[in-house]
Amino acid sequence: GEAKEGEDEEEGPLRVLPDGTLSKAPIPLGRVKLGAAAFGHPVDPRAIAKLSAEKPPSCLMYTMADSPAVGVNCITTSSDGSLVVAGFSDSSLRVWDLKQAGGASSIASSRLIGHSGGVFATDISSCSRFVLSGSEDGTIRLWSVALQADLVAYRGHNYPVWGAEFSPFQPYFASASADRTARIWSTNRISPLRVLAGHLSDAHCPRWHPNGTYLATGSADRTARLWDIRAAGGAGCVRVFGPSNGSVHALAFSPCGRKLAVGGDRGEVEIWDIAEGKRLAQLEGHEGSVWSLEFSKEGTLLASGAEDCSVNIWDAKPAASDKVLKPLVNMRTKHTPVFSLRFTKKNVLVAAGRYSPPEKSS
């Protein structure tokens, strides 16, 4: 007969077993699909924009206009650009659902309260039903968008959490912290599955490889590291990229998984060949720290967002190795540093940032 609704979901009361495993998932997450079914794509390929160096994208920009009074630390958009989540210094998160807004000129937000310190990391699940947040209080929390409440608090880091990201294969996620470690978690366990230790300073911006078996992290020690999370005795570092000219705040994998883009304090972006561990190109064009990087869906272009209130578009397939490149397109905001970038499922570039008014001269 036909499968009943919710049959493939785990539900029921939460019980913690002696090994720290939850007897049943406290949230309705579907079970992990294996094989080709895990790569299903709901978007018609004909609807995906074809981008290239000759046909670069335009950019949709979300700006937090009233942010100076409340202190926005991070902003994330969903894979279709319809959900926006921001973390604030007052320990709260806000969620904007643009699908429910319709044509309204002002959009109401949901305020999520649970952390006891400023929120510095946010991410949205691929289904847009759940939100991750990392905080100064050292915890990562999993939130339900529908319930507007936190479901689980994950404790393990000893210092503030600077980054958190869902795996391409949920229910796994990663976090990075000021305790110099990154950690791999599963939503149905209250303790981490892996602890990634090796950075010499704060770990930032955890990013999953497209195949879900590697994780990249940036750090204030001026390096980026690639970790193999399959190692039985704890994940092992398999590549070190750098040193860069400053702290690494942004990372991005190409869709094919063969390249890693690294961005940091000095405004430079580097593209590395992962297999050979060598730098393919150095991209110069920003005048401030690079805070976000994203490859287009076909991997031909790289977008970077920075503190200098601009978004740059680069050729992600340079002809000569170790060549210094200039941006194909430079898109500037008036006074909005760019916190995050995302190419949606249809290859539309969405950016988000916090409005920072110019200082008034005395």
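How many strands and helices does the secondary structure of the protein chain comprise? The chain has one helix and 28 strands, taken as DSSP runs (helices: H or I, at least four residues; strands: E, at least two) and numbered from the N terminus. This is a predicted model, in which local features need pLDDT of at least 70 and side-chain atom pairs count only at pLDDT 80 or more, whereas totals for chains, interfaces and linings use all residues. Residues are numbered from 1 along each chain as its sequence is written, and side-chain values use heavy atoms, with hydrogens and water left out.

**View 1. Strands β4 and β5 form an antiparallel pair.** Strand β4 (residues 92-97) meets β5 over five bridges; two strands pair if DSSP finds at least two bridges between them. S92 has I113 of β5 as its bridge partner. Side chains alternate along β5 (residues 109-113): S110 and L112 point to one face and are buried, while S109, R111 and I113 point to the other and are not. Buried denotes under 20% relative accessible area, exposed over 50%, and partly exposed in between (1.4 Å probe, protein chains only).

**View 2. Strands β10, β11, β12 and β13 form an open sheet in the order β10-β11-β12-β13.** The pairing is antiparallel. The edge strands, β10 (161-166) and β13 (194-197), each pair on one side only. Strand β10 and strand β11 (residues 172-177) are joined by five bridges, and F166 stands opposite F173 in β11.

**View 3. The largest nonpolar core contains 16 residues.** Such a core is a set of buried Ala, Val, Leu, Ile, Met, Phe, Trp, Tyr and Cys residues joined through side-chain atoms within 4.5 Å. Those with the most contacts inside the core are A261, V269, L283, V290, L293, F295 and L302. Two or more residues each come from β18 (248-253), β20 (268-273), β21 (278-284), β22 (290-295) and β23 (301-306). Beyond its neighbours within four places in sequence, V290 is in contact (heavy atoms within 4.5 Å) with residues including H249, A250, V269 and S304.

**View 4. H286 lies in the loop between β21 and β22.** H286 counts as buried because its relative accessibility is 8%. Its side chain makes polar contacts with the side chains of S304, at 2.6 Å, and S310, at 3.2 Å. A polar contact is a pair of N or O atoms within 3.5 Å; within protein, one must be able to donate a hydrogen and the other to accept it, and residues adjacent in sequence count only if both atoms are side-chain atoms. Among the other residues that H286 touches are G267, D308, N312 and W314.
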